[in-house]
Amino acid sequence: MIYLTLKLIHILSAIILFGLGLGTVFYKIMADNSGNHAAIAVTSRHVVLADWWFTTPTVLIQPITGYVLAQQLSASFSDRWLFWTLALYALTGLCWLPVVWLQIRMRDIAADSLTQGQALPDRYFYYSKLWMWLGVPAFFGMITITTLMVFHNSLWS
């Protein structure tokens, strides 16, 4: 029963992590493309909140539950599927850390320029492009990790 409970937590956490990532990208791009400064400021604030409230806990839950599940399966870190999963998770995390920094900066820039009645500076849009391009390897990393989790027995057995 403990194994199945951990597996459920692991899967739900992965769904939240991946789904929130897709939702964040969608709403941020839509707000940025709208040109509506107030919408951009509000969306930027919500993106940062969503990262703290949802992404951060799932980023912590995933390796903890994953480690315990791997132990229960008697998986070894020398197993190729587990090695690649961990490597990709680390790569995704290395992309996410600067994304968090960029999100906070964009939130502050959007709020400050809105309060001052000024247009968004070019720096906001530069940060937004960096944010998006850092998300690309993270997105494909998560797709690959999920694929490895589902098909690991079929791929290397």
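## Surface and charge

Accessible areas here come from the Shrake-Rupley method with a 1.4 Å probe. The model is predicted. The accessible surface of the chain comes to about 9600 Å². Carbon and sulfur atoms hold 72% of that surface.

The chain carries 8 positive and 6 negative charges. The mean positions of these two sets are 4 Å apart.

## Overall build

The chain has 4 helices and 0 strands. Read from the N terminus, the elements run α-α-α-α. The C-alpha trace spans about 60 × 25 × 20 Å along its principal axes.

The chain has 157 residues, and 32% of them count as buried. Take the contacts between residues at least 6 apart in sequence: 77% of these join residues at least 24 apart.

## The largest nonpolar core

The largest nonpolar core has 12 residues. Among them are A31, I40, V99, M106, I109, Y124 and W131. Three elements give two or more residues each to this core: α2 (37-72), α3 (80-115) and α4 (122-155). The largest share comes from α3, with 5 residues.

Another core lies apart from this one. This other core has 9 residues, including L17, W81, M142 and I145.

## A closer look at I109

I109 belongs to the largest nonpolar core. Leaving aside residues up to four places away in sequence, I109 touches L120, P121, R123, Y124 and Y127. Of these partners, L120, Y124 and Y127 are listed in the largest nonpolar core as well.

Note on methods:
Residues are numbered from 1 along each chain as its sequence is written. This is a predicted model: local features need pLDDT of at least 70, side-chain atom pairs count only at pLDDT 80 or more; totals for chains, interfaces and linings use all residues. Side-chain values use heavy atoms; hydrogens and water are left out. Buried means under 20% relative accessible area, exposed over 50%, partly exposed in between (1.4 Å probe, protein chains only). Contact means heavy atoms within 4.5 Å. Lys and Arg count as positive and Asp and Glu as negative; His and the chain ends are not counted. The place of a charge is taken as NZ of Lys, CZ of Arg, CG of Asp or CD of Glu. A nonpolar core is a set of buried Ala, Val, Leu, Ile, Met, Phe, Trp, Tyr and Cys residues joined through side-chain atoms within 4.5 Å.
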